[in-house]
Structures are given as structure tokens and as C-alpha cells.
Amino acid sequence: MGRLDLPDKLRDEDDFIVEVGKIITTDQEIVFEPEAQTTADDLERMVAVWQERMHLTHWTIEFDWITPAEEQNHAEVSRNNPYDSARLRFNAGYSEWSRFFANHTVVHELMHLVTRDLEEAANALEDHVPAKVHALFDAHVTYELEGVVDRTAQIIVELAGPV
Ligand SMILES: [Zn+2]
């Protein structure tokens, strides 16, 4: 496919695009609470609830509890295409996440399932424009989508409330 090695995107297998979730937090948002004790069960439960709330029940989501997300990322999602299946990984420090932040992170990653087809539409340009043009466009789309995904996740959790 000849994708660029962008900082926010890593290549996994050919059919997988690994998205690295960088959360942009607001000053008011409490990220870590040493007493919070978010568990893997909590995160799986949050995914199940938000998957339903966000109308994503047609996706098969599995969890990788063996390999944590890269240290600088809160979570990572690998999306299959065209099959609606995904794999989630979380940062090893998730146990200290506040409930709101854990919800925000889960919704952020699920938002990347919502935007997959939009990103694929941008990728469809790849074989029809010069490589440099596609690289520039792809970098912009990736960067702007990350902001949209994160702000939308924040709004969704604020409006619907953490689970
Ligand atoms: Zn992200």
C-alpha cells in the first residue's frame, strides 16, 4: 500500500491499520487518580456499554491484555478492513485512570471505528494522485481526524456521563 510512516500511524499486518491514540486532555480533566483502580474488567465493561450506545454492535472487538499499548499512548486500536473487527490495547498504567478518563479513552478508540470508512475514502486517492500529494493529504486527514475524534469523545462522555 506504500503508506507513509507517520508518527500517529504504525503499520501492522497488511489488512490492519494500527492507530495510536494520543489523548488531548483539557486542563480540568483529571487523568490519574492513584486510588482509582480501573481494572481490565472495568474497561471491558465500558467498551461493551459504549459499543451499544454508539451503535457499533456489528463490530467484533477483542482485547489484547498481553501486549500493552506503547508507553506514550493511552490506548491503541487495530481495525480490520473491510471486516468490522478490531483489537484494543491499553497502556499498562490504566489502573490509575480516573473513571472519566477511562471512559474518554474507550470512547476515543471506538470513535476510530466510526471514522474508519471516512479514512478509507481518503486512502482511495492513493493510487490516483502523486505520492507526495497523497502523503500530504493523508497526514492532514490523520491529524485533523485525531482532533475531531478526541473532542467528540470528550463531548459524548460529558453529555452521556461515564459508565
Ligand atoms: Zn486516536
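**Exercise 1. Find which helix the buried residues of α4 pack against.**

Solution. Start with the helix. α4 covers residues 131–160. Helices here are DSSP runs of H or I with at least four residues, strands are runs of E with at least two, and both are numbered from the N terminus. Next, list the buried residues of α4: Glu146, Val149, Asp150, Ala153 and Val157. A residue is buried if 20 or more other C-beta atoms lie within 10 Å of its own, exposed if 12 or fewer, and partly exposed in between, with C-beta atoms placed from the backbone. Now look for the partner. These buried residues pack against α2, residues 99–114.

This is a predicted model: local features need pLDDT of at least 70, side-chain atom pairs count only at pLDDT 80 or more, and totals for chains, interfaces and linings use all residues. Residues are numbered from 1 along each chain as its sequence is written.

**Exercise 2. Describe how α2 and α4 cross, and name the residues that make the contact.**

Solution. Two packed helices are described by the angle between their axes and the distance between the axes. Take the distance: the axes of α2 and α4 come within 8 Å. Take the angle: they cross at roughly 130°. Axes are lines fitted to C-alpha atoms, for helices over the stretch in contact, and angles run from 0 to 180 degrees between N-to-C directions. α2 is therefore oblique to α4. Under 35 degrees counts as roughly parallel, over 145 as roughly antiparallel, 65 to 115 as roughly perpendicular, and the rest as oblique. Finally, name the contact residues. From α2 come Phe100, Asn103, His104, Val107, His108, Met111 and His112. From α4 come Val149, Asp150, Thr152, Ala153, Gln154, Ile156 and Val157. Contact means C-beta atoms, placed from the backbone, within 7 Å.

**Exercise 3. Compare the span of each of these two helices with the expected span.**

Solution. The expected span is 1.5 Å times one less than the number of residues. α4 has 30 residues and reaches 42 Å from its first C-alpha to its last, close to the expected 44 Å. α2 has 16 residues and should span 22 Å. Its end C-alpha atoms are 23 Å apart, which agrees.

**Exercise 4. Locate the largest nonpolar core and the elements that build it.**

Solution. A nonpolar core is a set of buried Ala, Val, Leu, Ile, Met, Phe, Trp, Tyr and Cys residues joined through C-beta atoms within 7 Å. The largest one has 21 residues. Leu43, Phe90, Ala102, Val106, Val107 and Leu110 touch the most other members. Two or more residues come from each of α1 (40–53), β4 (75–80), β5 (85–90), α2 and α4. α2 gives the most, with seven residues. α2 is also mostly covered, with 13 of its 16 residues buried. Check one member. Beyond its neighbours within four places in sequence, Ala102 is in contact with Thr38, Asp42, Leu43, Met46, Tyr94 and Trp97.

**Exercise 5. Inspect the backbone at Pro82, His55 and Gly161.**

Solution. Most residues other than glycine have a negative phi, and most peptide bonds are trans. Begin with Pro82, in the loop between β4 and β5. A cis peptide bond joins Asn81 to Pro82, with omega about 10°. Move to His55, in the loop between α1 and β3 (60–63). Its phi is positive, near 60°. His55 is exposed, with 9 other C-beta atoms within 10 Å. End with Gly161, which follows α4 and has a positive phi near 85°. Gly161 is exposed. Its C-alpha is 8.2 Å from that of Phe100, though the two are 61 residues apart in sequence.

How values were computed:
Contact = placed C-beta atoms within 7 Å.
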